[in-house]
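Me: I'm new to this structure and would love a close look at a single part of it. Could you walk me through one helix and the sheet beside it?

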Amino acid sequence: TMYMQPCWYCGGEIECEAKASEQRTFHPDCQIKFQTEQDELRKTYSKYRSELMFQRALNYIDRQSEVYASEYYDEADVVHDMAIKQPGKFDSSDEMLAAMELLRNRIHVKVQYKINRRRVDFLIPELHVALEIDGAIHRFKIQKDSEREIEIMNKLRKEHGGEWEVIRIPT
């Protein structure tokens, strides 16, 4: 027996073998259109999210006493450019602030550096440091983060030699 299901994109009916489907049903052409629109929405969302995080980072600087935003202009411009060209490059405003400070102090870093199936916020090769900017969620992941650190340090030691350290900065 065949049953009629609505297409979640156009609302038209689709003939299906089951009375109820576990997943949404689409006409083949509608599935392609839907997926294309979703991809565009994700890109737009990522750009807006990056822009909002950047503005929040600048607001943090503005609220600091004895810190002058004008001293961060060039570094902010670099971070903004990176965030807009590569949405998702930074996971938080705090990471953007850290990037600005590292740039300001002329510390060479690799941002969102992949290590096995993991990644660290910043890798500072000269200092043999993996720098992590930890949001509030990390307060509840101490054991998991410790295991992750060991894996990261072992892999860095193996690939780059020397002793490595993971430094965590809570936000």
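Reply: Happy to; here is a tour of helix α3 and the strands it lies across. This is a predicted model, in which local features need pLDDT of at least 70 and side-chain atom pairs count only at 80 or more, while totals for chains, interfaces and linings use all residues. Residues are numbered from 1 along each chain as its sequence is written, and side-chain values use heavy atoms, leaving out hydrogens and water.

Helices (DSSP runs of H or I, at least four residues) and strands (runs of E, at least two) are numbered from the N terminus. The 12 residues of α3 should span 16 Å at 1.5 Å a residue (1.5 Å times one less than the number of residues), and the end C-alpha atoms are indeed 16 Å apart. Just after α3 comes R106, with a positive phi near 60°.

Several α3 residues are buried, meaning under 20% relative accessible area with a 1.4 Å probe, protein chains only: S93, E95, M96, A98, A99, M100 and L102. Their cover, counted by contact (heavy atoms within 4.5 Å), includes α1, α2, β3, β4 and β5.

Now to the sheet. Four strands form an open, mixed sheet in the order β3-β4-β5-β6, where strands pair if DSSP finds at least two bridges between them. β3 and β6 stand at the edges with a single partner strand each, so one side of each has no neighbour in the sheet. Inside it, β4 and β5 pair antiparallel over three bridges, and L123 has A130 in β5 as its bridge partner. Helix α3 runs at about 25° to β4, using axes fitted to C-alpha atoms, for helices over the stretch in contact, with angles from 0 to 180 degrees between N-to-C directions.

Methods:
Buried means under 20% relative accessible area, exposed over 50%, partly exposed in between (1.4 Å probe, protein chains only).
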